[in-house]
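Biologist: I am new to this structure and would like a close look at its sheets, with the helices that pack on them or beside them. Please take me through that part step by step.

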Amino acid sequence: MKVDRLSVIDYRNIDYIEIAPSENVNVIFGENAQGKTNLLESIWLFTGCKSFRSKKDSELLGFGKNFAKNEIDFFAKGREQTATMIIEKKRSITKNGVDLKSPAEMIGEFNAVIFSPSHLSLIQEGPVNRRKFLDTALCQLKPSYARVLAKYNRTLEQRNALLKDIQFHSELYDTLDVWDDRLSSYASAIVSERIKYTRLLSESCEEIYTGLSDGKEKLEIQYVNNTGLYNDDIYEIKDFLFERLRQNRREDIFNKITSIGPQRDDIDIKINSLLARKFGSQGQQRSCALAMKLSEANIIKDVTGEEPVILLDDVMSELDVNRQDYILNHLNSRQVFITCCDPATVLRMCEGKTFHIEKGRLI
């Protein structure tokens, strides 16, 4: 999978940029706040996922602009394809001349992996970011997972609303069996896929991190299910979750929120058996996050048969030369976009194209 052409118009601080990138390494360089990360973000949006920086699509527009237009020509699934995205209050997208119902229909059509400094939150902050990491990775691999996740979240909202109403309408208590059956059904599919994915992730991360640390440290990743069940059998998980939901009803009604389910799960990330978020240094935490993102790319390749596009935002600045070498040596045969202030940092180790950005334009 690779990008052949990218056109970006009135997107954040980018007035107009069009590039024909290398199929190998592409270095986007310039001073801070010139539009380097914006260019990576414009590519990422074609995965069908939301921005890794903004919650509202309207924030993606250039200042004073009514809309933005991003266009990409890419090679995937054995053929040349094109996609055009128009951003107003919301995003709309056309692929190969056909209007899609929503950008989410691009999930699985164009795959990419993004690493930015904000992804250190995977290690340093709470479980929300780690659950989001798993869900985003799985949505790219399996569009059906995205649909089940959406159904689960809607059902969870409805059950939580019901828990708040029961104190005023006791007759609603009898409907909980129906909601719990539905919720546990969707939850079991989510938990099963997350457990399977985490096993693959742990295997790949262990190998990559060993290389990054020159064999001095061992990285382990484990899914933490708040029910204590680690079987990936979907039917066993469903029965187990349904029973736990029934057992926790009094507590849930009292607290007016659902206490059991994948919305409470986490992953433990350990270096030499110690939690990285508590005991890891800044360099170790950064290396953990990088290992996870590079492993995400490996899993996409293994499952789909296609290399995802790699997007690395300011990844080299805090790494020593040996770790930089290791990362770049593991990007062979992949198309990579790297932002940095000094292109010599990257180009001393590999060949590719450079793009100098200043004030949202190529110079």
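Modeller: Helices (H or I, at least four residues) and strands (E, at least two) are DSSP runs, and they are numbered from the N terminus. Counted in this way, the protein has 11 helices and 15 strands. The model is predicted. For its overall dimensions, the C-alpha trace spans about 70 × 50 × 35 Å along the principal axes. The radius of gyration is 22 Å, which agrees with the value near 21 Å for a compact globule of 363 residues.

Strands of a sheet pair through backbone hydrogen bonds, either parallel or antiparallel. One open sheet has 6 strands, in the order E2-E1-E4-E5-E6-E7, and the pairing is antiparallel. Strand E2 (14-19) and strand E7 (98-99) are its edge strands, each pairing on one side only.

Within that order, E4 and E5 run antiparallel and are joined by 9 bridges. One pair to look for is Ala68 with its bridge partner in E5, Ile87. E4 and E5 form a hairpin with 2 residues between the strands, and there Lys77 takes a positive phi near 55 degrees.

The next pairing in the order is that of strand E5 (residues 79-87) with strand E6 (residues 91-95), which run antiparallel and are joined by 5 bridges. Two residues of this pairing are easy to follow in the model: Met85 stands opposite Ile93 in E6, and Ile86 stands opposite Ser92 in E6. E5 and E6 also form a hairpin, with 3 residues between them.

A helix lies on this sheet. Helix H1 (residues 36-44) lies across strand E1 (2-11), E2 and strand E4 (68-76), and runs at about 115 degrees to E1.

Now to the next sheet. An open sheet of 3 strands has the order E9-E10-E11, again with antiparallel pairing. Strand E9 (219-224) and strand E11 (274-275) stand at the edges with a single partner strand each, so one side of each has no neighbour in the sheet. E9 is joined to strand E10 (residues 266-271) by 6 bridges, and the two run antiparallel. Here the bridge partner of Glu220 is Lys270 in E10.

Two helices pack on this sheet. Helix H5 (residues 176-212) touches E9 and E10, and its direction makes about 175 degrees with that of E9. H9 also touches E9 and E10, with its direction at about 125 degrees to that of E10.

H5 and H9 each have a helix partner as well. Two packed helices are described by the angle between their axes and the distance between the axes. For helix H4 (residues 143-165) and H5, the angle is about 145 degrees and the axes are 9 Å apart. H4 passes H5 in a left-handed crossing. In the contact, residues of H4 including Tyr145, Leu149, Tyr152, Leu156 and Leu163 meet residues of H5, among them Trp179, Leu183, Tyr186 and Ile190. By class, the contact of H4 with H5 has 14 nonpolar, 2 polar and 6 charged residues.

Helix H3 (residues 127-141) packs with helix H9 (residues 282-304) at an angle of about 25 degrees, and their axes are 10 Å apart. Angles under 35 degrees count as roughly parallel, so H3 and H9 are roughly parallel to each other. H3 passes H9 in a right-handed crossing. On the H3 side the contact is made by Phe133, Ala137, Gln140 and Leu141, and on the H9 side the residues include Met292, Glu296, Ile299, Ile300 and Val303. The residues of the contact of H3 with H9 divide into 7 nonpolar, 2 polar and 2 charged.

The remaining strands to trace are E3, E14 and E15. Strand E3 (residues 25-29) runs parallel to strand E14 (residues 352-358), and 5 bridges join E3 to E14. Val25 stands opposite Gly352 in E14. E14 also pairs with strand E15 (residues 361-362), in the antiparallel sense and over 2 bridges. The bridge partner of Glu358 in E15 is Arg361. E14 and E15 form a hairpin with 2 residues between the strands, where Lys359 takes a positive phi near 50 degrees.

Notes. Residues are numbered from 1 along each chain as its sequence is written. This is a predicted model: local features need pLDDT of at least 70, side-chain atom pairs count only at pLDDT 80 or more; totals for chains, interfaces and linings use all residues. Side-chain values use heavy atoms; hydrogens and water are left out. Axes are lines fitted to C-alpha atoms, for helices over the stretch in contact, and angles run from 0 to 180 degrees between N-to-C directions. Angles under 35 degrees count as roughly parallel, over 145 as roughly antiparallel, 65 to 115 as roughly perpendicular and the rest as oblique. A crossing is left-handed if the near helix is turned anticlockwise from the far one by less than a right angle, and right-handed if clockwise. Contact means heavy atoms within 4.5 Å. Ala, Val, Leu, Ile, Met, Phe, Trp, Tyr, Cys and Pro count as nonpolar, Asp, Glu, Lys and Arg as charged, and the others, Gly among them, as polar. Two strands pair if DSSP finds at least two bridges between them. The radius of gyration is taken over C-alpha atoms; the globule rule is 2.2 Å times the number of residues to the power 0.38.
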